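Colleague: Could you walk me through reading a helical model, from its helices to its core and its pocket? I would like the general idea each time, then the case at hand.

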Amino acid sequence: MLWKKMKDELDKQDMSVYQLVKKTGIKESTIWNYRNGVEPSFKNVCKIADALGVSLDYFREDD
C-alpha cells in the first residue's frame, strides 16, 4: 500500500525515485525494498511525506 501511494505521488509530481532519494537521504535500495513489501520506519515515512509535500495521513488513508 505504501509503495502504491508513493509511486502515485511520484508520478503525479513527475519525480523519479532517484530524486526522492536525493531529497530524503534514504538509500535507493531501501526505497526499492518498500516496493517489495518491506515496511518503512516511521522516520523514513516522515522524510518521504516531507519530500513529497504530503501529510502523514496521506499514507494512512484507504483508496
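Modeller: We will take the helices, then the core, then the pocket. This is a predicted model, in which local features need pLDDT of at least 70 and side-chain atom pairs count only at pLDDT 80 or more, while totals for chains, interfaces and linings use all residues. Residues are numbered from 1 along each chain as its sequence is written, and side-chain values use heavy atoms, with hydrogens and water left out.

Colleague: Which residues of α4 are buried?

Modeller: The general idea comes first: an α-helix has 3.6 residues a turn, so residues three or four places apart point the same way. Helices here are DSSP runs (H or I, at least four residues), numbered from the N terminus. In α4 the buried residues (under 20% relative accessible area, 1.4 Å probe, protein chains only) are Asn 44, Val 45, Ile 48, Ala 49, Ala 51 and Leu 52. Seen down the axis of α4, they fall within an arc of 165° (taken from the directions from the helix axis to the C-beta atoms), so they line one face. Phe 42, Lys 43 and Asp 50 are exposed (over 50%) on the face of α4 turned away from that buried side. After α4 comes Gly 53, with a positive phi near 70°.

Colleague: What do the buried residues of α4 pack against?

Modeller: They pack against α1, α2, α3 and α5, where contact means heavy atoms within 4.5 Å.

Colleague: And which residues have the most contacts inside the largest nonpolar core?

Modeller: A nonpolar core is a set of buried Ala, Val, Leu, Ile, Met, Phe, Trp, Tyr and Cys residues joined through side-chain atoms within 4.5 Å. The largest one has 18 residues, and Met 6, Leu 20, Ile 31, Ile 48, Leu 52 and Phe 59 have the most contacts inside it. The largest share of this core, five residues, comes from α4. Not counting residues up to four places away in sequence, Met 6 touches Leu 20, Ile 31, Tyr 34, Ile 48 and Phe 59.

Colleague: Which helix gives the largest share of the lining of the largest pocket?

Modeller: Rolling a probe the size of a water molecule over the atoms shows where empty space is left. On a 1 Å grid over the protein atoms alone, a pocket is an open set of points where a 1.4 Å probe fits, with protein on both sides within 12 Å along at least five of seven lines; lining residues have an atom within 4 Å of a point. Here α5 gives the largest share of the lining, three residues. The lining has 14 residues, with Leu 2, Glu 39, Pro 40, Val 45 and Phe 59 nearest the pocket centre.

Note on methods. Helices (H or I, at least four residues) and strands (E, at least two) are DSSP runs, numbered from the N terminus.
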